[in-house]
Amino acid sequence: MSASLVSTLLLSLLTYLPSIFTDILRMYPNYDANCQKTFATLVTLFSIFTSLYTWQGYSHECFKSFNQTSNFTWNSGNGLILIVNATFLKLVVIICHLIVPTPSITRNHDEQESYEYTNAVNTLAENNAQNKEVTSETDTSDC
């Protein structure tokens, strides 16, 4: 049983890093998209479920068996208390992802076309300016 507890604990920890990175990406409007929002919500939800499964296994296989096999009273330590609090804070993260909307450009086709057109015009203008610089440099060197 402890092997499955370790594997679910590691899985929960591995899903925590993508969740943090996605949260960071969502802070920047140019990188915030519907897929980031969905991915962040699903990964955080999966992380909560793996944490809850690990708690249940720890409680059933370890914590309760300590009280049955000895005359000591076992209490939750600081580590378990912090993990419980961190898992419940993940619920706050999910609520925040659901409340915070993605930029309107991710939902509005007209805004997307306008952005792409503006970006294409700016790219062409930059390329033309670079070509003129190269042409003027080569013309003066021939003299």
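Select E111 to begin, and you will find this residue in helix α4, which spans residues 109–141; helices here are DSSP runs of H or I with at least four residues, strands are runs of E with at least two, and both are numbered from the N terminus. The model is a predicted one, in which local features need pLDDT of at least 70 and side-chain atom pairs count only at pLDDT 80 or more, while totals for chains, interfaces and linings use all residues. Residues are numbered from 1 along each chain as its sequence is written, and side-chain values use heavy atoms, with hydrogens and water left out.

E111 counts as partly exposed because its relative accessibility is 31%, given that buried means under 20% relative accessible area, exposed means over 50%, and partly exposed lies in between (1.4 Å probe, protein chains only). Extend the selection to D110, E113 and E116, which together with E111 form a negative surface patch. Patches are made of residues with over 30% relative accessible area and no salt bridge, with like charges joined within 9 Å and nonpolar side chains (Val, Leu, Ile, Met, Phe, Trp, Tyr) within 5 Å. Asp and Glu count as negative and Lys and Arg as positive, whereas His and the chain ends are not counted; the place of a charge is taken as NZ of Lys, CZ of Arg, CG of Asp or CD of Glu.

Next, select M27, in the loop between α1 (2–25) and α2 (34–69), which is exposed because its relative accessible area is 57%. Adding L17, F21, I24, L25, Y28 and Y31 to M27 gives a nonpolar surface patch of about 740 Å², with accessible areas taken from the Shrake-Rupley method with a 1.4 Å probe and, for residues, only the protein chains shown counting as cover.

Move now to R26 and D32, whose side chains meet in a salt bridge at 2.7 Å, N to O; the term requires a side-chain nitrogen of Lys or Arg within 4 Å of a carboxyl oxygen of Asp or Glu. The structure holds 1 salt bridge. D32 counts as buried because its relative accessibility is 6%, and R26 is buried as well, with a relative accessible area of 10%.

Then select H97, in helix α3 (residues 78–99), which at 5% relative accessibility counts as buried. A polar contact of 2.6 Å joins the side chains of H97 and D23; such a contact is a pair of N or O atoms within 3.5 Å, where within protein one must be able to donate a hydrogen and the other to accept it, and residues adjacent in sequence count only if both atoms are side-chain atoms.
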